[in-house]
Amino acid sequence: MLNLVKQGITPHQLALTITLGAGFGMVPFLGLTTVLCTFWAIRFRLNVAFTIFIGYVMQPVQLALYVPFVDLGQSIFPVTPIPFSLEKLTTMFQADWVTALQQLWIANLVGILAWLLCFIPFGLAMYFSSRTVLHRLLPVRQVA
């Protein structure tokens, strides 16, 4: 497995793979991880399978951080906060399900924006620290 991950990839690319997989694995939008990981891995010519794998490993963190990211987004941006209790959400949907869906969509959008604001410093720190470690652990390939 480790040889498959390292096959034809530099420490820089492996660090970027880990950073993007971990970062996109925490996006507070269920189902978006695969699309983001695949697109950016292809765009940067990274190991697509390993990027998606890292993203899926981060799914428990994604679920744990969903509400905090949405709460952070609701506190940063001027939107009507939505309640995160099953009883209050049920009441919202029973009263007017179209408005409830609109409020959830906006809350999810500001949660994604809050994730993006957090991902920038997290991603930079993760990339540079993992690249430093990987340069020490992996041999540098010689270009002919």
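This tour moves from the whole chain to a helix pair and then to single residues.

The model is predicted; local features need pLDDT of at least 70, side-chain atom pairs count only at pLDDT 80 or more, and totals for chains, interfaces and linings use all residues. Residues are numbered from 1 along each chain as its sequence is written, and side-chain values use heavy atoms, with hydrogens and water left out.

**The whole chain**

Begin with the full chain in cartoon view. The protein has 7 helices and 0 strands, and its elements run α-α-α-α-α-α-α from the N terminus on. The radius of gyration, 19 Å, is well over the 15 Å that the globule rule gives for 144 residues, so the protein is more spread out than a compact globule. That radius is taken over C-alpha atoms, and the rule is 2.2 Å times the number of residues to the power 0.38. Helices here are DSSP runs (H or I, at least four residues), strands are E runs of at least two, and both are numbered from the N terminus.

Turn the C-alpha trace along its principal axes: the spans are about 70 × 25 × 25 Å. Next, show the surface. The exposed area is about 9,000 Å², of which carbon and sulfur atoms supply 71%; accessible areas come from the Shrake-Rupley method with a 1.4 Å probe, and for residues only the protein chains shown count as cover. Of the 144 residues, 35% count as buried (under 20% relative accessible area; exposed is over 50%, partly exposed in between, with a 1.4 Å probe and protein chains only). Among contacts (heavy atoms within 4.5 Å) with a separation of 6 or more, 70% join residues 24 or more positions apart.

**Helix 6 and helix 7**

Select residues 86–95 for helix 6 and residues 97–137 for helix 7. Their axes come within 5 Å and cross at roughly 130 degrees. Axes are lines fitted to C-alpha atoms, for helices over the stretch in contact, and angles run from 0 to 180 degrees between N-to-C directions. The two helices are therefore oblique to each other; under 35 degrees would count as roughly parallel, over 145 as roughly antiparallel, 65 to 115 as roughly perpendicular, and the rest as oblique.

Now display side chains. Leu-89, Met-92, Phe-93 and Ala-95 of helix 6 meet Trp-97, Ala-100, Leu-101, Gln-103 and Leu-104 of helix 7.

**Arg-131**

Remaining on helix 7, select Arg-131. This residue is partly exposed, at a relative accessible area of 29%. Beyond its neighbours within four places in sequence, Arg-131 contacts His-12 and Ala-15. The C-alpha atom of Arg-131 is 9.6 Å from that of Thr-10, a residue 121 residues apart from it along the chain.

**Two buried residues**

Go to helix 4 (residues 48–57) and pick Thr-51. Thr-51 counts as buried, at 1% relative accessibility. Not counting residues up to four places away in sequence, Thr-51 touches Thr-17, Gly-21, Cys-37, Ala-41 and Leu-46.

Then select Gln-74 in helix 5 (residues 59–76). Gln-74 is also buried, with 9% relative accessibility. Its contacts outside the neighbours within four places in sequence include Val-79, Pro-81, Phe-84, Ala-107 and Val-110.

**Arg-45**

Finish in the loop between helix 3 (32–43) and helix 4, where Arg-45 lies. Arg-45 counts as exposed, at 73% relative accessibility. Phi of Arg-45 is near 55 degrees, a positive value in a residue other than glycine. Most residues other than glycine have a negative phi.
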